[in-house]
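Grab your favourite viewer and work through a few short exercises with me. Try each task yourself before you read its solution.

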Amino acid sequence: MFVLELTYTEPADRVDALLPAHVAWLDAQYAAGTFLASGRKNPRDGGVILATGSDREAIESLTRTDPFVTGGVCAYRVTEFYATKTAPELADHRDELPADA
């Protein structure tokens, strides 16, 4: 599982101009089953996305397709973690620790 942290690199008016395209991109990732939760940070200097997947390279590649990135208004920080404990609703996304972890 991955925590995707967005940090805005441009003023809010530039971010807001790309918001409809960003939301459509989010919707596509939810439909694909990749994103589990997302929202703005408080204070509003970026956002956070909880994503599922087993391939960090694929997740990093996906972040580069975000209209916020292609529009030059945010940067991503990707943190991979093992979700060894979850709420019952996320049981399908639980991980086993690898032998070398």
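Below are four exercises, each with a worked solution.

This is a predicted model, in which local features need pLDDT of at least 70, side-chain atom pairs count only at pLDDT 80 or more, and totals for chains, interfaces and linings use all residues. Residues are numbered from 1 along each chain as its sequence is written, and side-chain values use heavy atoms, leaving out hydrogens and water.

**Exercise 1. Work out which side chains of strand β1 are buried and which strands pair with β1**.

Solution. Helices (H or I, at least four residues) and strands (E, at least two) are DSSP runs, numbered from the N terminus. Buried means under 20% relative accessible area, exposed over 50%, partly exposed in between (1.4 Å probe, protein chains only).
- Step 1: β1 covers residues 2-8, and F2, L4, L6 and Y8 point to one face and are buried.
- Step 2: V3, E5 and T7 point to the other face and are not buried. In a regular strand the side chains alternate between the two faces of the sheet.
- Step 3: two strands pair if DSSP finds at least two bridges between them. β1 runs antiparallel to β3 (residues 46-51), with 6 bridges, and antiparallel to β4 (residues 74-80), with 7 bridges.
- Step 4: for single partners, V3 stands opposite L50 in β3, while L6 has Y76 in β4.

**Exercise 2. Describe the largest nonpolar core**.

Solution. Such a core is a set of buried Ala, Val, Leu, Ile, Met, Phe, Trp, Tyr and Cys residues joined through side-chain atoms within 4.5 Å.
- Step 1: it has 17 residues, and those with the most contacts inside it are L4, W25, F35, I49, F68 and Y76.
- Step 2: β1, α1, β3, α2 (56-63) and β4 each supply at least two residues, and the largest share, 4 residues, comes from β1.
- Step 3: take I49, whose contacts (heavy atoms within 4.5 Å) include L4, W25, F35 and Y76.

**Exercise 3. Find the kink in helix α1**.

Solution.
- Step 1: the bend at a residue is the angle between axes fitted to the seven residues ending there and the seven starting there.
- Step 2: a kink of about 50° lies at L19, shortly before the proline P20.
- Step 3: after α1 comes G33, with a positive phi near 85°.

**Exercise 4. Is Q29 buried or exposed?**

Solution.
- Step 1: Q29 is found in α1, residues 12-31.
- Step 2: its relative accessible area is 12%, so Q29 is buried.
- Step 3: leaving aside residues up to four places away in sequence, Q29 touches T34, F35 and L62.
- Step 4: the other buried residues of α1 are V15, H22, W25 and L26.
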